[in-house]
Every structure is written in C-alpha cells, then in structure tokens.
Amino acid sequence: MKYQPNRLGTMIDCSRNAVASVESVKKWIDLTSSIGYNTLMLYTEDTYEVSGEPYFGYMRGRYSREELRGLDAYAKNKNMELIPCIQTLAHLNALNRWPEYKEHFDVDDILLAQDERVYLLIDHMFATLADSFTSRVVHIGMDEAHLLGRGRYADLHGVEERFGIMARHLRRVCDIGEKYGFRFLMWSDMFFSAGIWRRLLQAGNDP
C-alpha cells in the first residue's frame, strides 16, 4: 500500500482481556472509515500467529495469518491502511510463562538484548507480518522496558547504561525489519528517560 503522509486513525488493543473478534474489527473499520479515518493499528503483543513459534499467542485468542490477511483486504477495500503494532522488547509477559521462551528474557517481560535467539524470534515476527499485511509500516513498540539490562543481561555482559543497550537493540530490530521492506514507528519514552539518565551521569550527578 502506498505510504500515506497524513494519517488519521485509531489503535485497537488486542492484547489485554478479550481479543477483538474479526467481525468486531470489521465493524470498527466500517465506522471509522465512514467518518474519514484512513488508518487502523492492531496492537498485538503475542496475539497473532508467528511462523515457527507455536507457543506465540498459544491459548490467547491470537489472530491467524489468514484472519489478518482478510482484515487487511477488508480495510484496503475501505481505503484504510491496516498497520501492525507489535512488541520487540518489553510487554511480552504472556510469552514468558512458557518454558520454551525462558532463555529469551532479560528480566520480567523484557527480551534479552544481544541474544541471537531473540533476533531469530523477531525475524519470525517480521516474516509473518510481511506475509499478513500489505502495509510496510510497522509499530515496533520498545516502550516501558525500565529494567532493561538489569537481569540476565547484566549477568552475561556486565552492567551497562540503558541508552546504549536500547540503541544497539533498535538497530538490530530495524535491520531485520528492513529485510522485509518495513519502515518503523515506535514509542519514545525509553529513549527520553534513558537519555536523561545518561546526561546526568555524564554530568557527574548522583542518580
């Protein structure tokens, strides 16, 4: 789908409590497109099918690739761009409950940066999105990872400032997504907060 420089849209949270049904999403597309909206984001932490990751969204009411393709086509017919909004760092606590993924995590719901298993998982995410959506814009999350680098990462690599860990992780995520032709949106809170701490430490202030 052609890039839309002037987006007006909404985001549906499909990760907490009940996942919105396909029919409910279609009704929302009908409503919002009828009043001039041209964008809809589906916020899915682990509630979409990912090729090669059978526990991703398991028992969570995830969307299948076929359902996402159907929603994408439905939205496109209404002149609306359907954009995936995923998580590539934190907010994956539902995934962390499965033993299969324990080694993928730093602490709490935060993925372990600089771990190749994590980047293989993220590659599988992007591959599935590329197969399910016509939009080549994706929201990659990256928010509220306040304990980043304070768990297994510190055990493996030592204690580092969050800003550097974030920047390197973001570069890897974008490199993977670019293989599939994606451009990126993200939340900015972690870079603002990590940047502030970085400046304080450089100034010699006690945090």
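The expected span of a helix is 1.5 Å times one less than its number of residues, a rule applied in the first of these close-up views of a predicted model.

**View 1. Length and burial of helix α4 (residues 116-132).** At 1.5 Å a residue, the 17 residues of α4 should span 24 Å, and the end C-alpha atoms are indeed 24 Å apart, which agrees with that expectation. Buried positions in this helix include Val118, Tyr119, Leu121, Ile122, Met125, Phe126 and Leu129, and Asp123, Thr128 and Ser132 are also buried.

**View 2. The crossing of α4 with helix α6 (residues 162-179).** The two axes come within 9 Å and cross at roughly 35 degrees, and the crossing is right-handed. From α4, Glu116, Val118, Tyr119, Ile122, Asp123 and Phe126 meet His169, Arg172, Val173, Ile176, Gly177 and Lys179 of α6. The residues of this contact comprise 6 nonpolar, 2 polar and 4 charged.

**View 3. Strand β1 (residues 9-13) and its pairing with strand β2 (residues 39-43).** Thr10 and Ile12 form the covered face of β1, whereas Gly9, Met11 and Asp13 form the uncovered one. The strands β1 and β2 pair in the parallel sense over 5 bridges, and Met11 has Met41 of β2 as its bridge partner.

**View 4. Positive phi at Asn79 and Met142.** Most residues other than glycine have a negative phi. Asn79, in the loop between α2 (65-77) and β3 (81-85), nevertheless has a positive phi of about 60 degrees, and this residue is exposed, with a relative accessible area of 64%. Met142, in the loop between β6 (137-139) and α5 (152-157), has a positive phi of about 75 degrees, but Met142 is buried, with a relative accessible area of 0%.

Definitions and conventions:
Residues are numbered from 1 along each chain as its sequence is written. This is a predicted model: local features need pLDDT of at least 70, side-chain atom pairs count only at pLDDT 80 or more; totals for chains, interfaces and linings use all residues. Side-chain values use heavy atoms; hydrogens and water are left out. Helices (H or I, at least four residues) and strands (E, at least two) are DSSP runs, numbered from the N terminus. Buried means under 20% relative accessible area, exposed over 50%, partly exposed in between (1.4 Å probe, protein chains only). Axes are lines fitted to C-alpha atoms, for helices over the stretch in contact, and angles run from 0 to 180 degrees between N-to-C directions. A crossing is left-handed if the near helix is turned anticlockwise from the far one by less than a right angle, and right-handed if clockwise. Contact means heavy atoms within 4.5 Å. Ala, Val, Leu, Ile, Met, Phe, Trp, Tyr, Cys and Pro count as nonpolar, Asp, Glu, Lys and Arg as charged, and the others, Gly among them, as polar. Two strands pair if DSSP finds at least two bridges between them.
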